[in-house]
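Got the viewer open? Let's walk through a few spots together, one selection at a time.

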Amino acid sequence: MTDEPHIRFYAGAPLTTPAGHRLGTICVMDREPRALAPEHAAALQALARQVMAQLELRRLRSEGLIADQELKSLLDVNIAVGRHLERDQLFGAIAACLRNVLETDRFGIELPIAGNRLQGHILASSGAAPRPTQPTVLPAEGTVCEWVVGKRRWFVVPSRDDIREDFPVTFDQMQRNAMESLCALPLTTGERCLGALFFMAARQGAYQDLRRGSFDQIAGAVAVALDHCLAHEEVRRLRDRLQAENLYLQDEIQTQHNFSEIVGNSPALIDALARVERVAPTDTTVLILGETGAGKELFARAVHGRSRRTDRPLVKVNCGAIAPGLIESELFGHVKGAFTGAVDKRVGRFEVANGGTILLDEIGEMPLDAQVKLLRVLQEQEYEPVGSSRTVRVDVRVIASTNRDLEEAVRAGVFRLDLLYRLNVFPIEVPPLRARSSDIPLLVGMFLDALTRKLGKPLHGFTARAMERLIAYDWPGNVRELSNVVERAAILATGPLLDLDDSGVGGPHTRRKSREISPRAEVLAIQSEPRSEREIIEAALAESRGRVAGPSGAAAKLRIPPSTLEHRIKALKIRKGQYKFR
C-alpha cells in the first residue's frame, strides 16, 4: 500500500466512474494500529462516492468547455466559408479559428499540385500573429500528407522518430522545425480529397488522446471552404484568361495587315507551303526564317490554321517591340506587387495561348535572361509568373520567326545555342519576293481588288510598262513594300489604269540586269494585251468546270482569292456558266 515504514493502519475505497472504470483510491492511513469499524468503512465509501462525483463533474465541465471550443471553432470555420474566397484571406481566417483548438506549434494545409508535388501553406507558427500564408513546394513522395490524401485516413504520430524510415521528407521538415508530434487529417469533400490539414507540436505525444469526431467535422468544414476557394480561383483564372484573350483578339482585329492570304504559285512558294502542310498537323516547334515583309506571320497562321489547335487562339508576341525589362511579364505574366508599377495581376501571353499556339516574332531580339525562361517552357511546358513561386503548366505550340541569322547571333553571344537547338526543330524559309517574281501580278491583283473596295473607285490594273518595272524590281521590303507601292499608285491614279510615278520602283539602281518580262506580267497589263488575262482565267475555268471557289476551283489553281477572281471575271465579262459541262 505504501513504502512509509511507520504506517500501521491503512483503509481505502475505490474511485469508480459510473461506467465502471476505476480511476484510483481514496485512503486513510495512521501510524497507530487500529481496527476499521463498519460505520467508518461506510463513511469512507460515502466519501469516495462524493469525491468521484466531484471529479466526474469537473471532467464533464472540462469536456463541455472543450466541446464548446470545438463547436465555436467549427462555427467560425463555417462563417469563414461564406466570408472569404481569396486564398490568403481564407487561410488566415482558418488559422485564427484553429489556433486555440488544440495544442500546436505549427500547422497548415498541403495541396497536391502537378508534377507529383505538394504545395504547403503554413497557417501559423508558435507565438506568431496572423499573417499571409507562406507557400512552399515539396516532393509528394515520402510525406505523411501524400499518404493521408491517398488513403483518406487520419495519421497521428507521437514522435518524429517513428516516421524516419517511412516518411523521410516529413521527418526532415519536423526535425528542421524542432517538432515531435504530428496529426494529419484528410480534407475530403464528396468523392475528392483536396489535400491534408496537419498540426505539429514540440511536445511528444501531444495528439494521442485527440477527440476525432469533432475534428472530423472541422476538417470537413475546412474542406468545403477550400473547395469553394479553389473553385473561385479557377473561375477567376478562366475569367482573366478570357479577358486577356478578348483584349488580344480586339488588338488583332484593330491591327491592319498589309496582306491577308498567301498568294502565288511560284516553285519557291509551293515548296515552302509543302513544308507547312507537312508540319502543321504535328505539335513540333517551328522556326520560320525570312526577310522583313516576306510574310512570316502568314506562314505561322497557315501552320496554326492547319493544326489540331485551330479552334484555339494564335497569340502573337513581337519580341523586338517590348522593352527588355518587361518581356518576361508580357510572356509569363506577373502577380500584384511583383515590381514597381505592378498594381494588379497580369495574365501572360503563354497562359492566354494555353491549348493553342504562340508566335514569337523577331525571336532574335529576345534578351538573354528571358531566353533562359523560354528554354524551360520549351522543355517542361511550365514556368513561374514574375514575382510568384506558383508553377503554371501550359500546353502551347511554339512558332518562332526571325529575319536575323541566329547562328551568327550565337557566335556574337546574344542568342543561346541551346535555345536555337530547341527552336530549330523544323525550319521553314519564306522565299523573298525577288525569288518569286512570277507571283507579283497575282499579288497586285489581290491588292487592287481590296483597294477598289477601300477607295471606292474602279481599279483595273497596271500598264504593261509599269508591270515590267514591278517585276524587275528587287523588292528589299518584299510583299509589304509591294502592297505600299500598289496603294500609293491607286491613290494617285486618275483613272482605272494605274502607272508608277518617278519616285516609285524600277529606277536605275534597283532594276535587275537582263530581266525578261514574265508571262505573268501581262495578266494585268490590260490596256495592251486584254486577252492574256482572259485566256488565263478561261483556261482555269475550263479545267475546274466553271467552279471558282473550293480546293479544285479556278481560284485555287491560280492561287488568288476567289473574290479577286470573281471581280476579274465580272470586269472581263466572262460567262463562267459555259464551262460547267465541258
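Start by selecting strand S11, residues 357-361, in this predicted model. Is S11 mostly covered or mostly open? It's mostly covered: five of its five residues are buried. Show the side chains and look at which way they go. Thr-357, Leu-359 and Asp-361 point one way, while Ile-358 and Leu-360 point the other way, and all are buried.

Now bring in the neighbours. Add strand S10, residues 314-318, which runs parallel to S11 and is joined to it by five bridges. For a landmark on this pairing, find Lys-316, which stands opposite Leu-359 of S11. Then add strand S14, residues 397-402, also parallel to S11 and joined to it by four bridges. Here the pair to pick out is Thr-357 in S11 with its bridge partner Arg-397 in S14.

Next stop: a loop. Select Phe-339, which sits between helix H8 (327-332) and helix H9 (349-352). How exposed is Phe-339? Its relative accessible area is 30%, and buried would need under 20% while exposed would need over 50%, so Phe-339 counts as partly exposed. Leaving aside residues up to four places away in sequence, Phe-339 touches Ser-329, His-334 and Val-386. Draw a C-alpha to C-alpha distance from Phe-339 to Val-386: you should get 8.6 Å, although the two are 47 residues apart in sequence.

Move on to helix H3, residues 144-151, and colour its buried residues: Val-144, Cys-145, Val-148 and Val-149. Then turn the view to look down the H3 axis. These buried residues fall within an arc of 130 degrees, so they line one face of the helix. The spacing rule is handy here: an α-helix has 3.6 residues a turn, so residues three or four places apart point the same way. Before you leave, click on Arg-152 just after H3, which takes a positive phi of about 55 degrees.

Last stop: a helix pair. Select helix H13 (residues 440-455) and helix H18 (residues 562-571). How do they cross? Their axes come within 9 Å and cross at roughly 80 degrees, which makes H13 roughly perpendicular to H18. Now show the side chains where they meet: Gly-445, Met-446, Asp-449 and Thr-452 from H13 meet Ser-563, Thr-564 and His-567 from H18. Sorted by class, this contact has one nonpolar, five polar and one charged residues.

Definitions and conventions:
Residues numbered from 1 in each chain as written. Predicted model: local features only at pLDDT ≥ 70, side-chain atom pairs only at ≥ 80, totals over all residues. Heavy atoms only, no water. Buried < 20%, exposed > 50% of the residue type's maximum accessible area, 1.4 Å probe, protein only. Helix = DSSP H or I, 4+ residues; strand = E, 2+ residues; numbered from the N terminus. Arc of directions from axis to C-beta. Pairing = 2+ DSSP bridges. Axes fitted to C-alpha atoms, helices over the stretch in contact; angles between N-to-C directions. Parallel < 35°, antiparallel > 145°, perpendicular 65-115°, else oblique. Contact = heavy atoms within 4.5 Å. Nonpolar A, V, L, I, M, F, W, Y, C, P; charged D, E, K, R; others polar.
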